[in-house]
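Notebook, domain contacts. I wanted to look up how the domains within each chain meet.

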Amino acid sequence: MVTSIIRRLIQAVFVVVAMTVIVFIGVNVIGNPVDILINPDANQAERARVIAHYGLDQPLWRQYLLFLQGLLHGDFGNSFVYGRPAMGLILERLPATLELAISALAIALVFGLPLGLYAGLYPNRVSSKLIMSGSILGFSLPTFWVGLMLIMVFSVELGWLPTNGRGPTLELFGVRWSFLTGEGLRHLLLPAFNLALFKTSLILRLTRAGVQEVLPQDYVKFARAKGLRERRVIAVHVLKNLMIPVVTIIGLEFGSLIAFSVVTESIFAWPGMGKLIIDSINLLDRPVIVAYLMMMVLLFVVLNFIIDVCYTILDPRVRLDSKA
Amino acid sequence: MSALLQVRNLVTEFGGGKGQPGTRAVNDVSFSVERGRVLGLVGESGSGKSVTGFSIIRLLERPGRIAAGEIFFDGVDISRNSEEEMRRLRGKRIAMVFQDPTMTLNPVLSVGTQMIEAVLAHESVSKEAARQRARDALGLVGIPSPEERLAAYPHQFSGGMRQRVAIAIALLHKPDLIIADEPTTALDVTIQSQIIAEFQKLTEEARTAVIWVTHDLAIVSRLADDIAVMYAGRLVETGPVSEVLNDPRHPYTAGLIASVPSQNHRGERLHQINGMTPALNRLPQGCSFRTRCERADDGCLVMPELALAGERSFRCIHPVTKVSAS
């Protein structure tokens, strides 16, 4: 177990290093921030001074090494736009995005798992067929369109829920959260639902497929032959086998929830990382983009690791050398 | 009523319903099993032998259902039982052992969990008491260091050991009847013998009745008291094992016996039954075996009734008569 953890950690370091190269080169390809940063009216001397200030006159490999050096000190450089440390900016926005992503995941699980279970257990009922057709909509309707429709219906027409922002927040553990206030919760509802729709459909279909795969297995029949109550057969024998693929997907999808909350955050003006990264890309604010991407890399590496740990808890067959 | 289990005119259909007949996997099957006796239910794949077993314990795959007939268990017709009444019987009074031991235990639950839940499904005892029962049951079927094995997961057992665990689970509540659906088919011959010995001990000591579903006549001859041969969903011959195997009356039974390799002399061609089992939805008119039978004639175009002869019965108008051993 310990060796496998160490092996994974070393792999993770390689992944992160490889990503720094890709990210750094990629960011250099998409455009020159000088054109945006410097007032077009500025004279040549002033241009040269700004370029030198940001270190943009150095060759690319030199810039990269300087960047790595900063990285080792936890310094991603200052934002070109805000003039403040890039990582600080991102961490400031992180709670808003986390809050949105966790809420969306919770919604996706609360609706996706039971509905998928139902549709899997009673595939021939009309209600199951409706659920499955609905999930196709959830898959194929574009997030931005659904977001706009939600605003149209619930904010503009019905006037039940606010259209944008986080609303009032409350501090907990030094971080401000929306879900702690009633008004903040109302602000959270629409964007969370919007972000959850796709994942709900995904978990729903995955659960249904899992149920249909597990139900005909001999061990389910044998569990019934033991005289177990149907509730235990489903809740323990079926669900526990089902959770193995579902947990994998949930873990991976949580990363993508955070990474791709961009659209939802833009539509609902949710002040999270997604909105920050879109703004930064528009302004070619390199340090922020790089810091954000590195953050995402780390997030996925950590998530993958957590999934692996969950795996060993759920599936005894992967507890390889636990007893050795 | 003396017999523990009495199946009368059982019909199990797949599909159909609302006045439309489905495919009859089990058609008008009647037999009985007494305490302490083993019935060998024999037939080829698709003959309906497994479906018969699952009909009794009512664990048919959808869209299978019992369309007609009665199943008297200890004097009560359990084919009319509610689902909850059936659940209380399953594992408690009627237990089942499956064919493939690698598939019958849930891979993600420890053996202990799977045994303890089986105890707790029928008795409100403490978890510790249930654990004790599970441990004893494992010991009973010859699994070494049962205490440690309770914490192990199915993949840490060999196939034979897993089947022993399955049998231990079946024995937890000392059932009156065990339906064993080809429990040794997937095992090595040496393990087969051990499992068979296990069952022999069981029927003698605990007077448990066993329905042994198999296609293996050699096992039936060693273990069973009675035999019921199924073909295309119907019983074609029943009777005491030694009599039926030594003196088969139905040509199909005779064909089955002749196909067992040990019946032939070395170098001699193995006997085969011509053709294949017909599909259940396209059975020939009259006797289902007619198209494969050497003895068939126009008289076989009408389905023959089961003819009774003492303890035996067979469904054939041109029965095989014993020829002197060649």
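Entry 1, chain B, buried area. I looked up the area buried between domain 1 of chain B and domain 2 of chain B, and found about 620 Å². Carbon and sulfur atoms give 60% of that area. I note here that the model is a predicted one.

I then asked which residues of domain 1 of chain B lose the most area to domain 2 of chain B. They are Lys92(B), Ile178(B) and Leu187(B), and together they make up 54% of what that side buries.

Entry 2, chain B, bounds and contact. I checked where the domain assignment puts the limits in chain B. Domain 1 of chain B is made of 5-93 + 176-188 + 207-314, and domain 2 of chain B is 101-172. Taken over C-alpha atoms, I have 30 Å between the centres of these two domains. For the contact I wrote down 9 residues from domain 1 of chain B and 8 residues from domain 2 of chain B.

Entry 3, chain B, charges and polar pairs. How many salt bridges are there between domain 1 of chain B and domain 2 of chain B? The count is 1. I also looked up the salt bridge in which the side chains of Lys92(B) and Glu123(B) meet, at 3.4 Å from N to O. Lys92(B) is already in my notes as one of the residues of domain 1 of chain B that lose the most area to domain 2 of chain B.

For polar contact, I found 4 residue pairs across the interface of the two domains of chain B, both residues of each at pLDDT 80 or more. By class, the side of domain 1 of chain B that touches domain 2 of chain B has 4 nonpolar, 1 polar and 4 charged residues.

Entry 4, chain A, bounds and contact. I turned to chain A, where the assignment gives domain 1 as 34-75 and domain 2 as 91-318. Their centres, over C-alpha atoms, are separated by 40 Å. The contact takes 4 residues from domain 1 of chain A and 5 residues from domain 2 of chain A.

Entry 5, chain A, area and polar terms. I read off about 340 Å² buried between domain 1 of chain A and domain 2 of chain A, with 75% of it on carbon and sulfur atoms. I searched this interface for salt bridges and got 0. The count of residue pairs in polar contact, both at pLDDT 80 or more, is also 0 between these domains. On the side of domain 1 of chain A that touches domain 2 of chain A, I list 3 nonpolar residues, 1 polar residue and no charged residues.

Technical notes
Residues are numbered from 1 along each chain as its sequence is written. Chains are lettered from A and ligands numbered from 1 in the order in which they are written. This is a predicted model: local features need pLDDT of at least 70, side-chain atom pairs count only at pLDDT 80 or more; totals for chains, interfaces and linings use all residues. Side-chain values use heavy atoms; hydrogens and water are left out. Domain bounds come from an automatic or database domain assignment. Contact means heavy atoms within 4.5 Å. Buried area is the accessible area (1.4 Å probe) that two parts lose on being put together, summed over both. A salt bridge is a side-chain nitrogen of Lys or Arg within 4 Å of a carboxyl oxygen of Asp or Glu. A polar contact is a pair of N or O atoms within 3.5 Å; within protein, one must be able to donate a hydrogen and the other to accept it, and residues adjacent in sequence count only if both atoms are side-chain atoms. Ala, Val, Leu, Ile, Met, Phe, Trp, Tyr, Cys and Pro count as nonpolar, Asp, Glu, Lys and Arg as charged, and the others, Gly among them, as polar.
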